[in-house]
Amino acid sequence: MRPARLAASALCLLALPAAAEVRVTAVYGHGLEESDSVEASVRVEPSFSVDLGAGSWLEASARIRLDPADRLDPGRPRYDTYAWGSVPYRIEDETTVELRDLYLESPLGQGVARIGRQQVVWGRLDGVRVLDTINPFNFREFILADFDQARIPVWAMYLDVPVGRWRVETVLSPDTTVHDIPERDAWFEFRAPRFRFGADSSGSLPPVETQRPSDLADGTIAARLSRSLGRLDVSFQAQQGLDPEPLGALRVDGSGVRVETHYAQRRIFGLGATTSVGPAILRAEIAAQPSRHFNTRNGQALGTARADQWTLAGGMDFNGPLDTFVNLQFVYDRITESPLGLVRPRTDRIVTAFLRRDFAYETWLLEGRWYGNLEDEDGIFRGRIAWRPTGDLELSLAVDGFYGPARGLFGQFSGRDRVSLGVSFTL
């Protein structure tokens, strides 16, 4: 679009009733073992809403991040796991500009239609992803970033309409963006064999080359039906689309050996439920992924096989002593009839505990988070304290620690303990 047309379009938007804000966040992260800077970022997030009349809105937001430390995603990332139209824009090695939201929301009878770049959040659990599977994930900070920040928005059409007593939600997305996994030498580079196509965590991988699908038919189609049955809220979910986790294949040619990653289709069928029992809120999710593709490794041969995967999760929220909010969760993940040489573990048993306590009329906040994998006997813990002297300003201190064997889901980051100082305010 020519500059004159772009300026005219901007003036037309400004002439409409709009609400805008800019959130600025600065973070300094220090690695405890290396005693070196991990992050020195400034994140600017402008957003605005434009009232188009008749109940319609245009929502837009962006994220501009400057990080001279350049340890979380060092150098110039390839972004080869993003679909065209979703790729962040990189300026040198330090600055990333990313469109987050850009969608039109309009009434659709008694429901709503939303078209554009967006997040669709269907999960009921906190800090774990069982049925929250529409948006791929950016693992720049593994799972320590807020999920609203870590989800990668996708271009999609979302419809939410009532049908009798049921709420019917559908998603149609041609966007084939998959998980953004940290590249080599990143602070949170994946080192566990399950993420390295069976290679030992201490060894080196051959060069990796990504083969991305170009057919829009590889996008996602999903539907969810939900309703209330007294005090019980239930939902049923079905989804088909590109599996965001890569599969690897070894390729040998004149230039040597390389790992070529590709992405298969997958289907997910899920059930979610929420209810209250006295002062406690109970949540549950079940996900079935029939005939999902997995990597196998036998000697030096890297292959693929198909097997059924089941994930069962339950959680409970309640107020504990001293009016402390407590969230406890358990996730059981199982590959049934697992093929010989399966790269990932056949079973994961993950326990989480989240605590939060406000003080002094919500001026002070204390948080504690713990993830543990009972199979590998490893885990993560995070402690965080925040001071909010006003509603628009927050200063925080966080400590992240990892423990367990290098092969473990969390233990792979042993030695990546860090302390982070942050300040965030809204203009």
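Which residue takes a positive phi in the hairpin of β14 and β15? That is where I will start. Keep in mind that this is a predicted model.

The residue is Gly278, with a positive phi near 60 degrees, and the hairpin leaves two residues between its strands. On one side of that turn is β14, residues 265-277, and on the other is β15, residues 280-298. The two strands run antiparallel and are joined by nine bridges. To pick out one pair, Ser276 has Ile281 of β15 as its bridge partner.

Now follow the chain along β15 to the next turn. Here β15 and β16 make a hairpin, again with two residues between the strands. The turn contains Gly299, whose phi is positive at about 70 degrees. Strand β16 covers residues 301-319, and its antiparallel pairing with β15 runs over 16 bridges. Within that pairing, Leu282 faces Met316 of β16.

After β16 comes a loop that leads to β17, residues 325-336, and Leu322 sits in this loop. Leu322 is not a glycine, yet it has a positive phi of about 60 degrees. Is Leu322 buried or exposed? It is exposed, because its relative accessible area is 69%.

There is another residue of this kind, Asp70. It too has a positive phi, about 55 degrees, without being a glycine. Asp70 is placed in the loop between β3, residues 56-66, and β4, residues 89-91. Asp70 has a relative accessible area of 15%, so it counts as buried.

Next, a small sheet. How many strands form the open sheet that includes β9? Three strands do, in the order β9-β13-β12, with mixed pairing. The edge positions belong to β9, residues 208-210, and β12, residues 247-253; each has a single partner strand, so one side of each has no neighbour in the sheet. On average, neighbouring strands here are turned by 35 degrees against each other, ignoring direction. The pairing of β9 with β13, residues 256-262, is parallel and uses three bridges. In that pairing Val208 lies opposite Val259 of β13.

On to charges. The whole structure holds 37 salt bridges. I will go through some of them.

Glu183 and Arg78 form one, with an N to O distance of 3.8 Å. This pair links distant parts of the chain, 105 residues apart: Glu183 belongs to the loop between β8, residues 166-173, and β9, while Arg78 belongs to the loop between β3 and β4. Glu183 is partly exposed, at 30% relative accessibility, and Arg78 is partly exposed at 45%.

Asp243 and Arg292 form another, at 2.7 Å from N to O. Why does this pair tie together separate parts of the chain? Because Asp243 lies in the loop between β11, residues 232-242, and β12, whereas Arg292 is in strand β15, and the two parts are 49 residues apart in sequence. Both Asp243 and Arg292 are buried.

A further salt bridge joins Arg388 to Glu394, with an N to O distance of 2.7 Å. Here Arg388 is partly exposed, at 31% relative accessibility, but Glu394 is buried, at 13%. Salt bridges with shared partners also build one network out of Glu39, Asp67, Asp70, Asp73, Arg90 and Arg140. So the Asp70 from earlier, with its positive phi, turns up again as a member of this network.

Now the surface. Which residues form the nonpolar patch? They are Tyr28, Phe359, Trp364, Leu366, Ile385, Trp387, Leu395, Leu397 and Leu421, and together they have about 740 Å² of accessible area. At least two of the patch residues come from each of β19 (364-373), β20 (378-390) and β21 (393-403). One of the patch residues, Trp387, is in strand β20. Trp387 counts as partly exposed because its relative accessibility is 34%.

Last, a contact between parts of the chain that are well separated in sequence. Glu21 is in strand β1, residues 18-31. Its C-alpha atom is 6.0 Å from that of Leu427, although the two residues are 406 apart along the chain. Which residues does Glu21 contact, leaving aside its neighbours within four places in sequence? They are Glu45, Pro46, Ser47, Thr426 and Leu427. Even with these contacts, Glu21 is partly exposed, with a relative accessible area of 41%.

That is the end of my walk through the model.

Definitions and conventions. Residues are numbered from 1 along each chain as its sequence is written. This is a predicted model: local features need pLDDT of at least 70, side-chain atom pairs count only at pLDDT 80 or more; totals for chains, interfaces and linings use all residues. Side-chain values use heavy atoms; hydrogens and water are left out. Two strands pair if DSSP finds at least two bridges between them. Helices (H or I, at least four residues) and strands (E, at least two) are DSSP runs, numbered from the N terminus. Axes are lines fitted to C-alpha atoms, for helices over the stretch in contact, and angles run from 0 to 180 degrees between N-to-C directions. Patches are made of residues with over 30% relative accessible area and no salt bridge: like charges are joined within 9 Å, nonpolar side chains (Val, Leu, Ile, Met, Phe, Trp, Tyr) within 5 Å. Accessible areas come from the Shrake-Rupley method with a 1.4 Å probe; for residues, only the protein chains shown count as cover. A salt bridge is a side-chain nitrogen of Lys or Arg within 4 Å of a carboxyl oxygen of Asp or Glu. Buried means under 20% relative accessible area, exposed over 50%, partly exposed in between (1.4 Å probe, protein chains only). Contact means heavy atoms within 4.5 Å.
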